[in-house]
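Work through the exercises below with the sequence and the model at hand. Each task is followed by a solution in steps.

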Amino acid sequence: MLYRLLTILLLLSGTVPLFGQLDLEHWFPPYFRTSPNDISSLSLYLSTDKEEEFPVKIYNNNVEIAVVNISRTKPATYSYAISGMLEASTVLRTMKPSSMGLHLSGEKSFYASFRFAGCRSGCKSEIIASKGKSALGKEFFVVMDQIILYGNDPKGMNYQTSIMATEDNTHIKLSGYNSNLVFINGDKSDELNITLDKDQSYIVVARKEDNPNPPVILDDWDPNFIGAKITSDKPIVVNNGNFISQDIGEISGNINIDQNVPTDKIGKEYFLVNGMTISEKGMEKSLIVATKNNTKIYFNDESIPAVTLNEGEHYIGPYNNYRFLGGTQPIFTNEEPRDIPTKGMYIRSSEPIYLYQMIGGYDFRVVRGARDVTYDSSGMTFSYPLDKEYFPKPQQKLSNTIVVPSVQKIGTYTGQSKLSVKTRIDANVKVNGALLSNPSPIIGKAGWGYYTVVPISGDVEIQSDKDLNVDLVGGFQYTGYASSYTGFSNDPYILVNGNCIQEGVFLKLSNTSFVSFQWQLNGVDISGATNFEYQPTLEGNYQCVVTYLGFSFTTTPVFIPNCPYNVYEVNIGNVCHTFEIEPKFTMPGYVFSKLEILTQPNNGSSEIKDRKVVVKINDTFAGADRLIYKLTATDGYYEVYKATFNVLPNPIADVKSELQPKSYLEDTYYFDLYTAINNENGETFDFYPTLPDAEKELNQLKDLLSNFSEPLNEIYIRVTNQQGCYIIKKVVLVRPAVVPESVTLPNAFSPNNDGFNDVWNYSLLNVYQDIDLKIYDRYGKLLFTHTKDYFWNGKVNNILMPSDSYWVVYSYTSKGTRVSNKTMWLLLKNR
């Protein structure tokens, strides 16, 4: 193997991490505040891992409003006159383009968070931690808490998302929300279409009071826009959440807002450490939104999915059968005093999901019948997935240090905070220079563990020799806050495809979200080299200077040498996306010994199979490319070849990813397979039962395609264009359970012996089979299990339960299909 050559190639083939908060630029869209709540303290918190002091510029509406200098030992806060740029408190500042929002830009990369709090009508607080350029994207699903009040006053509570554009003439669409939703300005449109210019923002708000589910007490099915989809033709930044929310039926709540990330940056594995309340109290939970149909959710090491979601559907919980598991991390005692054990919960999914953590910020000790204000202290943070890379690349020359300033402070308010570090079990993790020990294992993910430090205060530095995934949560009487951080940076570096000049080297930046690019050779500008990628022709040191708002940044240079061997060029001609090369020596008489790939295609991959090079080009690419391979003879003679080729366009293949049945009879579903084709575009479509059949063109489906009833879960369509190139698309055949709409169960009753609604009647389920129904209190204690009477009188051991919200979990079988883990809150009022 040519280890010297492959070392350069790895600069390209390594996975590029997807997240970062240590970044050159950050954006903060505004939020909408509702009365009577106030926010008296708003501050930006800025920090960095850089030793030398550098400036950070703060912009509003493309106008510089301040410059703040920071360094590793000198974090900073800024709060002067930003309230009007980040907070909208009147309806007139919502549902239209505005100049609100902040854009931060630094000479070097830095962390930024926005912390805000107020205590006029009960304390409210939250932290929004910027994701930097990892927040930029074109497709998002909206995530927020569901407001469940069960008859309590809805004023002051809302659903909201705010959008900020990074380029002029950005077209945005919000769709996929409840058809009965009424926005704050009275708009009832099925979708919102928005146009914004650079650094403009748009706040979308729906008030709870405008969107009851009649009768008002039935909050579980209120019109909201949890799981709505946001799409854009240019990069945007999205915040989402509530000001304020309550999901357990109490009279008050807290701010729950955080920044979102686009769908290409979410994952399938997450881990949550409980916040400042005991995990059984119902404040500690996950908030999940699915991005694909038939997404299965699993907890810890469980092999049976706890819930299955379709695209845009959400899940909040679990409330019953608590899955937070104990470990070896310290117990925290708060001011009440209350002892709070530290526990963790691993969550995985079959498809990528959004997962936000809901925490409790303060665990109240109830005395003399006082209301448990623990339920006012929620906080919400985006949870970074475990199945992504966060360790900085060597080219970035970073120390993998997360610096969070004044972790116990939100402006003028002081809380108690808890730090959780999720990483590999063999990582060496230091907090403020002290090496952490005795990690608790993450049950369900071998080789991973977590640490907690609680309480923690002051400026905090977290360092590690492995990936860092950090949560900071906390609270004070009686509110909460939460934020998350990673060690990865979006600082650009050069990806190299190729070993030396004569092979045809491709240089490309790891991050292309900049205003301009200028490549340099040995420190001198290369004329016309102003794109994010470049193909060098001369030996030397190459670097790229990028510009962004207020600053420029120069990448670490890479040296590209001339080849120390002859390179023979072979022109393959026009090819489709998968093809083979059969290498041969240029001169006869040499006996083949070894075939090696020195450089992969710039837009695909290749492998050696049966003494041939099998090439697979990325589906979306068309145009010129090359790869480099080496042939060695038995006597040691070798030749290096540069195979050039032109990749023809793939078929458009405009087909559906899933197909609904056109009809069903008993347990048989009928599909019109032709309707899977959206547009033909002059292409041919052939149907197959399996992927291998489609690849080899065997067992083609030809009969009754318009009334297809074979028991397959998916079919495969081989789409061929006029150039003879093909692509294979999988189509899932959806067989939904046949469940009547009337299966919605009542979620309130009043066992006060007035002869009206004295029992909770769930007899709507008696038409189904295999009923499994359980009722829990909000602490997870089992109170009731399904009986043949199909009702609960609100009693346990003949003692009437107090007025409260109770958690119902039920499953049943319909038409042979198991409907599992349906959940709802049930309100019991006994007075």
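**Exercise 1.** Is the link of C500 and C563 right-handed or left-handed?

*Solution.* The model is a predicted one. Step 1: identify the bond. C500 and C563 are joined by a disulfide with an S to S distance of 1.9 Å. Step 2: read the torsion. It is 95 degrees about the S-S bond, and the link is right-handed. Step 3: place the two ends. C500 sits in the loop between β38 (494–497) and β39 (506–509), while C563 sits in the loop between β45 (558–560) and β46 (567–575), so the disulfide ties together parts that are 63 residues apart in sequence. Step 4: check accessibility. Both C500 and C563 are buried.

**Exercise 2.** Find how many disulfides the structure holds, and give their pairing in sequence order.

*Solution.* Step 1: count. There are three disulfides in the structure. Step 2: number the bonded cysteines of the protein chain in sequence order; the pairing reads 1-2, 3-4, 5-6. Step 3: take the pair C119 and C123, whose sulfur atoms lie 2.0 Å apart. The torsion about this S-S bond is about 110 degrees, so the disulfide of C119 and C123 is right-handed. Step 4: take the pair C576 and C725, also a disulfide, with sulfur atoms 2.0 Å apart. Here the value about the S-S bond is -85 degrees, and the link is left-handed. This pair connects distant parts of the chain, 149 residues apart: C576 is in the loop between β46 and β47 (578–581), and C725 is in the loop between β59 (714–720) and β60 (726–733).

**Exercise 3.** Decide for C119, C123, C576 and C725 whether each is buried or partly exposed.

*Solution.* Step 1: set the cut-off. Buried means under 20% relative accessible area, and partly exposed covers the range from there up to the exposed limit of 50%. Step 2: apply it to the pair C119 and C123. C119 has 27% relative accessibility, so the residue counts as partly exposed. C123 has 14%, so this residue counts as buried. Step 3: apply it to the pair C576 and C725. C576, at 23%, is partly exposed, whereas C725, at 0%, is buried. Step 4: add a further cysteine, C544. Its relative accessible area is 0%, so C544 is buried.

**Exercise 4.** Where is S383 placed, and which residues does S383 touch?

*Solution.* Step 1: locate the residue. S383 is in the loop between β26 (378–382) and β27 (401–404). Step 2: check accessibility. With a relative accessible area of 1%, S383 is buried. Step 3: list the contacts, leaving out residues up to four places away in sequence. S383 touches Y270, F271, L272, L355, Y356 and K422.

**Exercise 5.** Between which domains does the largest nonpolar core lie?

*Solution.* Step 1: set out the domains. The protein chain is divided into domain 1 (23–486), domain 2 (494–560), domain 3 (567–647), domain 4 (654–733) and domain 5 (748–828). Step 2: describe the core. The largest nonpolar core has 103 residues, and F114 and F225 have the most contacts inside it. Strand β25 (residues 343–360) contributes the most to this core, with seven residues. Step 3: assign the core to domains. Domain 1 and domain 5 both give residues to this core, so the core lies between them. Step 4: look at F225. Apart from its neighbours within four places in sequence, F225 is in contact with residues including V142, M144, Y159, Y177, L181 and F183.

**Exercise 6.** Give the strand order of the open sheet that contains β38, and of the one that contains β47.

*Solution.* Step 1: the first sheet. Three strands form it in the order β38-β39-β42, with antiparallel pairing. Its edge strands are β38 and β42 (533–534), each pairing on one side only. Two bridges join β39 to β42, and L507 has Y534 in β42 as its bridge partner. Step 2: the second sheet. Its three strands have the order β47-β50-β49, and the pairing is antiparallel. The edge strands are β47 and β49 (604–609). Neighbouring strands of this sheet are turned by 25 degrees against each other on average, direction ignored. Step 3: the bridges. Six join β49 to β50 (residues 612–617), and the bridge partner of E607 in β50 is V614.

Conventions:
Residues are numbered from 1 along each chain as its sequence is written. This is a predicted model: local features need pLDDT of at least 70, side-chain atom pairs count only at pLDDT 80 or more; totals for chains, interfaces and linings use all residues. Side-chain values use heavy atoms; hydrogens and water are left out. A disulfide is a pair of cysteine sulfur atoms within 2.5 Å. Buried means under 20% relative accessible area, exposed over 50%, partly exposed in between (1.4 Å probe, protein chains only). Helices (H or I, at least four residues) and strands (E, at least two) are DSSP runs, numbered from the N terminus. Contact means heavy atoms within 4.5 Å. Domain bounds come from an automatic or database domain assignment. A nonpolar core is a set of buried Ala, Val, Leu, Ile, Met, Phe, Trp, Tyr and Cys residues joined through side-chain atoms within 4.5 Å. Two strands pair if DSSP finds at least two bridges between them. Axes are lines fitted to C-alpha atoms, for helices over the stretch in contact, and angles run from 0 to 180 degrees between N-to-C directions.
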